[in-house]
Amino acid sequence: MISTSLGMSRRQFVTAGSLTVAAACLDPKHLIAQTASIVPGAFKEAATAKVTIQNLRRNVSVLLGAGGNIAVLTGPDGKLVVDAEIVTARPNVSAALAKISADPIKQLINTHWHFDHTGGNEWVHQAGASILAHEKTREHLSKATYVGGNFQYTFPAAPAGAIPSTVFVDEYHLHINNTTLALKHYVPAHTDSDISVYFAEADILHTGDTFWNRDYPFIDYWTGGSIDGQIRAAEANIAKVTSKTIVIPGHGAVGGKDDLILFRDVLVDIREKVAALKKQGKPLPEVIAAKPTARYDAVWGNLFQNPANFTALVYQGV
């Protein structure tokens, strides 16, 4: 029975083009490094990207592919999945789910609204799953939504079958496959729709994109995100876990508390450096040229967000 109560691996997500810096005379509120949209490349990448299955504990696995990491809980009530990848990843995601078990998919949870986490919503729903998410996820999926930065893309309203049928505001609890799941909304962080999903008996936390393991995060200012919010969410994640908790990030390898602390520390350090330069009156091109992320770039700056793009996102919010 299912009962409810209210209450990357190192993936090549995209090959970014060369950076063209926004003109320094722009309103600071809109100063952001511009680059070609990564979205079309992400669709193409996901169609062929390998999906790796990593078994964790107590019937919880994770699928690592081209988009957001997917958690999978199996058992007599059917599969529960957290996030649904990019739509073009369907063949490989479907095959990986079938390899884990023959259980039908009964429940899908979205950690937030972005296309690399909700792209498979419609086909997962058609396979028999109901969709659960924060109310802001349903709001954003229900209408055309523009995102800037290196997304530079207007996402059309999602098909009716992709829209979450059940939403919540702050907390939601779910019991399925002898497992208690606690869902919690963050204060606006990566977006205004972010939630965490905690598998209580397994002591596993799926953070969605409030945690990127060894990757600079994309921060969606266009739907409520900010660098300060991303740091607040990082602090909240650290407070939720112990040294034994398994942490599934939105992107990157599965980690633990030490990885959450490192992520927080990297964000804080870069925010402080960028804020100091901006306070001196330096325009964005000069701040990028100063390389405030240099200490971390070799590890953190090679995939989804290059150092210049991330610096621009931080600059926008300090």
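This is a short walk through the sheet, a few helices, the aromatic rings and two histidines of one structure.

Okay, thanks everyone. Before anything else, keep in mind that we're looking at a predicted model.

Let's start with the sheet. It's an open one with seven strands, and the order is S2-S3-S4-S5-S6-S7-S10, with mixed pairing. So who sits at the edges? That's strand S2, residues 52-55, and S10; each has a single partner strand, so one side of each is left without a neighbour in the sheet. On average, and ignoring direction, neighbouring strands here are turned by 20° against each other.

Now let's move through part of that sheet, strand by strand. Strand S5, residues 79-82, runs parallel to S6, and four bridges join them. If you want a spot to click on, take Val81: its bridge partner in S6 is Leu108. Strand S6 itself covers residues 105-109, and it pairs with S7 in the parallel sense over three bridges. Leu108 turns up again here, because it stands opposite Ile131 in S7.

Let me say that last bit more plainly: Leu108 is the bridge partner of Val81, and Leu108 also stands opposite Ile131 in S7.

Next comes S7, residues 130-134. Is this strand mostly covered or mostly open? Mostly covered: four of its five residues are buried. On the way to the edge, S7 pairs with strand S10, residues 166-168, again in the parallel sense and over three bridges. Look for Ala133 there, whose bridge partner in S10 is Val167.

There's a helix lying on this sheet too. Helix H2, residues 90-100, lies across S2, strand S3 (60-64), strand S4 (70-73), S5 and S6. Against S3, H2 runs at about 155°.

Right, over to another helix, H10, which spans residues 307-317. Nine of its eleven residues are buried, so to speak of it as mostly covered is fair. Among the buried ones are Phe310, Leu313, Val314 and Tyr315. What do they pack against? The buried residues of H10 pack against helix H6 (227-240), helix H7 (257-279) and helix H8 (284-289). At the N-terminal end of H10 there's a cap: Asn306 puts a side-chain oxygen 3.2 Å from the backbone nitrogen of Ala308. And Tyr315 has company, with Lys278 lying over the face of its ring at 4.5 Å from the ring centre. You'll find another arrangement of that kind at Tyr186, where Lys240 lies over the face, 6.0 Å from the ring centre.

That brings me to the aromatics. How many aromatic pairs does the structure hold? There are 17. One of them is Phe115 with Phe151: the ring centres are 5.7 Å apart and the planes sit at 85°, so we call this pair edge-to-face. Phe115 is in helix H3 (residues 115-118), while Phe151 is in the loop between strand S8 (145-147) and strand S9 (153-155), so the pair ties together parts that are 36 residues apart in sequence. Both Phe115 and Phe151 are buried.

Here's another pair, Phe218 with Phe304. Their centres are 6.1 Å apart with planes at 80°, so this one is edge-to-face as well. The pair links distant parts of the chain, 86 residues apart: Phe218 is in the loop between strand S14 (204-206) and H6, and Phe304 is in the loop between helix H9 (297-300) and H10. Phe218 has 1% relative accessibility, so it counts as buried. Phe304, at 3%, counts as buried too.

Zooming out, ring pairs link a whole cluster, including Phe43, Trp113, Phe115, Phe151, Phe218, Trp222 and Phe304.

Last stop: two histidines. His140 lies in helix H5, residues 135-141. Why does His140 count as buried? Because its relative accessibility is 7%, and the cut-off for buried is under 20%. Leaving aside residues up to four places away in sequence, His140 touches Trp113, Thr145, Asp192, Ser193 and Thr223. And Trp113 is one of the cluster members I just mentioned.

The other one is His251, in the loop between strand S15 (246-248) and H7. At 1% relative accessibility, His251 counts as buried. Which side chains does it make polar contacts with? One is Asp116, at 3.0 Å, and another is Asp209, at 3.4 Å.

That's my tour, so over to you.

Key:
Residues numbered from 1 in each chain as written. Predicted model: local features only at pLDDT ≥ 70, side-chain atom pairs only at ≥ 80, totals over all residues. Heavy atoms only, no water. Helix = DSSP H or I, 4+ residues; strand = E, 2+ residues; numbered from the N terminus. Buried < 20%, exposed > 50% of the residue type's maximum accessible area, 1.4 Å probe, protein only. Contact = heavy atoms within 4.5 Å. Pairing = 2+ DSSP bridges. Polar contact = N/O pair within 3.5 Å; in protein donor to acceptor, adjacent residues only side chain to side chain. Axes fitted to C-alpha atoms, helices over the stretch in contact; angles between N-to-C directions. Phe/Tyr/Trp six-rings, centres within 6.5 Å; stacked < 30°, edge-to-face > 60°. Lys NZ or Arg CZ within 6 Å of the ring centre and 35° of its normal.
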